[in-house]
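Open the model in your viewer and keep the sequence panel in sight. This tour goes from one selection to the next.

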Amino acid sequence: MQSLSSNISLRNITEKIRDSWPGGANLTSPKVPSKISYEKEGIKWGFQIKPFQTCIECFKLCLDPNLRPPDFVSLPYIYAQLQQHGKSVQDVVRDYLQMLYDHTITMLTRSLGQTFVENTRIEFILTCPAVWSDRSKNATLQAAEGTGMAKSCKIRLISEPEAAALYTLKTIQPKNLKASDDSCFVVCDAGGGTVDLISYEILQTEPLQVKESVTGTGELCGSVFLNRRFESFVKERLGSTSYYAMKEKTKIAALKSWEEYVKRVFVDGEDQDVFPIQFPGLPDDEAKGIDCGFMTVTREEVQGIFEPVVEEVVRLVDGQITAVQSKGKQVKSILLVGGFGSSEYLFMRLKNKYTDVLSTPDNPDVVLQPVDSWTAVVRGAVIRGMETIVQTRKSRYHYGVKYWEYYDENLHSEEHKYWDTTREKWLAENQIKWYIAKGTEMSEEESIAFPFYITFEDHHSRVLVDELVCCQETFPPKSIDSTVKTVCKLRSDLTSVPKSMYTKGKNSKDVEYEGLHFTMEMTVLSASLLFELSVDGVRYGEVTADFAT
């Protein structure tokens with residue numbers, strides 16, 4: 001089979017797709033709105049959703065219910081819509097990805113011909129926020145596997161800041177980023193909802209290879225919060241009564257005017273002191289700054305809308321720089337990407353703050369903002385499909401497994417004590433064996449082995465369920481407590497393991513049992529986990545991961 005990336009121009013393909021979004025009226029956009037509507041005539045999505053049309057949006061945030069949603073997102077409202085249509089969150093994500101897949105294949109077929117597309121190996125790389133839990137990332141992967149994407153080839157996940165880093169490094173190739181033992185760069189992927197940060201150091205430049213320097217961080221403080229702060233500003237300026245009486249069309253026009261003529265271009269310190277924002281239909285009111293359908297907003301007021309959100313981003317960048325410096329390394333550059341990352345105001349705030357702190361005579365440009373920074377994530381995903389640049393990553397959690405051990409009153413809590421009737425011994429349950437420490441350097445080429453020992457009586461099932469857990473605390477506990485979260489239940493099918501691999505025993509009641517030593521191997525990828533089972537180095541059975549709800 002042919003490789004799509006090596007035989008045709010990816011740029012031409014992506015331009016063809018982005019110029020022909022369904023419902024977009026030839027609108028050129030590298031992104032399509034994450035909106036979907038279930039109607040009698042079928043599913044509508046993206047640009048097919050018109051203003052004032054009821055639809056499901058922000059559903060992606062429901063994939064990780066443990067993250068605090070933005071104030072403007074009502075999870076109960078989204079779940080009520082899902083219930084109305086008899087859909088789960090994963091169903092909606094799957095349907096949306098199916099629409100995206102169908103459109104992509106249609107455009108490829110129109111450009112290249114059906115025969116070429118059917119005989120070409122197509123790989124799909126999905127991106128997801130780095131701050132998401134393993135369960136949320138797996139839910140994304142499962143949703144994609146329920147679409148036509150699964151017919152082509154394997155589907156891979158990559159974290160959004162890693163994808164952005166790949167694109168940025170391959171395109172701008174900053175001269176100050178060289179292979180060094182003590183220099184790093186920070187990628188700040190500031191998007192609409194999340195802001196993710198990861199720090200890398202360069203292993204070599206030809207070919208380019210990097211590794212994570214410290215554990216990545218992130219928060220929900222993207223550009224949509226600017227929109228909500230703008231809406232709060234308008235509500236305060238007009239008063240609650242006038243605000244809620246305002247027509248929906250007026251609000252939409254005002255928000256569009258804010259986004260296109262203020263938010264995207266605002267730079268503090270320019271000559272422009274006032275910004276007129278459209279509010280069609282509002283009556284003139286000199287006290288409220290309304291004249292001829294425009295509201296006048298001062299530069300100081302716009303800055304007041306920006307600053308609290310920007311300060312959150314600065315705090316995250318500070319945290320990454322501090323973490324890098326604590327390792328005895330220096331930050332040479334900050335790469336600013338993403339939709340919010342294309343903001344001139346955010347760029348200048350970071351530049352003004354860090355140039356004096358981090359710059360040197362041979363490294364004057366500390367903060368870098370690549371061309372097309374707001375599409376750096378999707379462009380980086382394409383690059384990831386063609387080559388591997390990131391060699392190692394830092395684990396964001398401690399990972400371990402629940403297990404039992406022989407009870408010791410000096411070590412174990414009484415509440416964990418129980419009697420094992422097979423081995424006729426007191427055991428301590430709910431203990432944790434930590435195998436991966438937070439911040440551990442991980443490679444896709446290496447797996448982590450979790451050794452297990454289990455005993456069976458004849459009537460016991462050979463399908464085992466073990467629990468993989470994680471913890472973000474600096475010092476994880478030795479037994480289960482509130483800081484420990486279940487990542488997934490690992491189901492191991494040992495029915496194919498030969499009987500000769502088991503040890504045999506008998507207790508005082510002449511009950512015979514068998515024991516087996518086996519190993520679970522986990523590989524940490526950019527945004528997913530892989531599991532395999534082996535006995536004495538030989539792969540046996542099947543391991544499936546049921547991620548926690």
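Two stops follow: a single helix, then a pair of helices.

This is a predicted model, where local features need pLDDT of at least 70, side-chain atom pairs count only at pLDDT 80 or more, and totals for chains, interfaces and linings use all residues. Residues are numbered from 1 along each chain as its sequence is written, and side-chain values use heavy atoms, with hydrogens and water left out.

**Stop one: α3**

Select residues 75–84, helix α3. Helices here are DSSP runs of H or I, at least four residues, and strands are runs of E, at least two, numbered from the N terminus. Show Leu75, Ile78, Gln81 and Leu82: these are the buried residues of α3 (under 20% relative accessible area, with a 1.4 Å probe and protein chains only). Look down the axis of α3. The buried residues fall within an arc of 125 degrees, so they line one face of the helix. The arc is taken from the directions from the helix axis to the C-beta atoms.

Now turn to the other side of α3. Pro76, Gln83 and Gln84 are exposed there (over 50%). Add β4 (56–57) and α4 (89–112); both are among what covers the buried residues of α3. Then pick Gly86, just after α3: its phi is positive, about 65 degrees.

**Stop two: α8 and α10**

Select 224–238 for α8 and 248–263 for α10. Their axes come within 11 Å and cross at roughly 120 degrees. Show Leu226, Asn227, Phe230 and Glu231 of α8 with Ala254, Leu255, Trp258, Glu259 and Lys263 of α10; these make the contact (heavy atoms within 4.5 Å).

Terms used: Axes fitted to C-alpha atoms, helices over the stretch in contact; angles between N-to-C directions.
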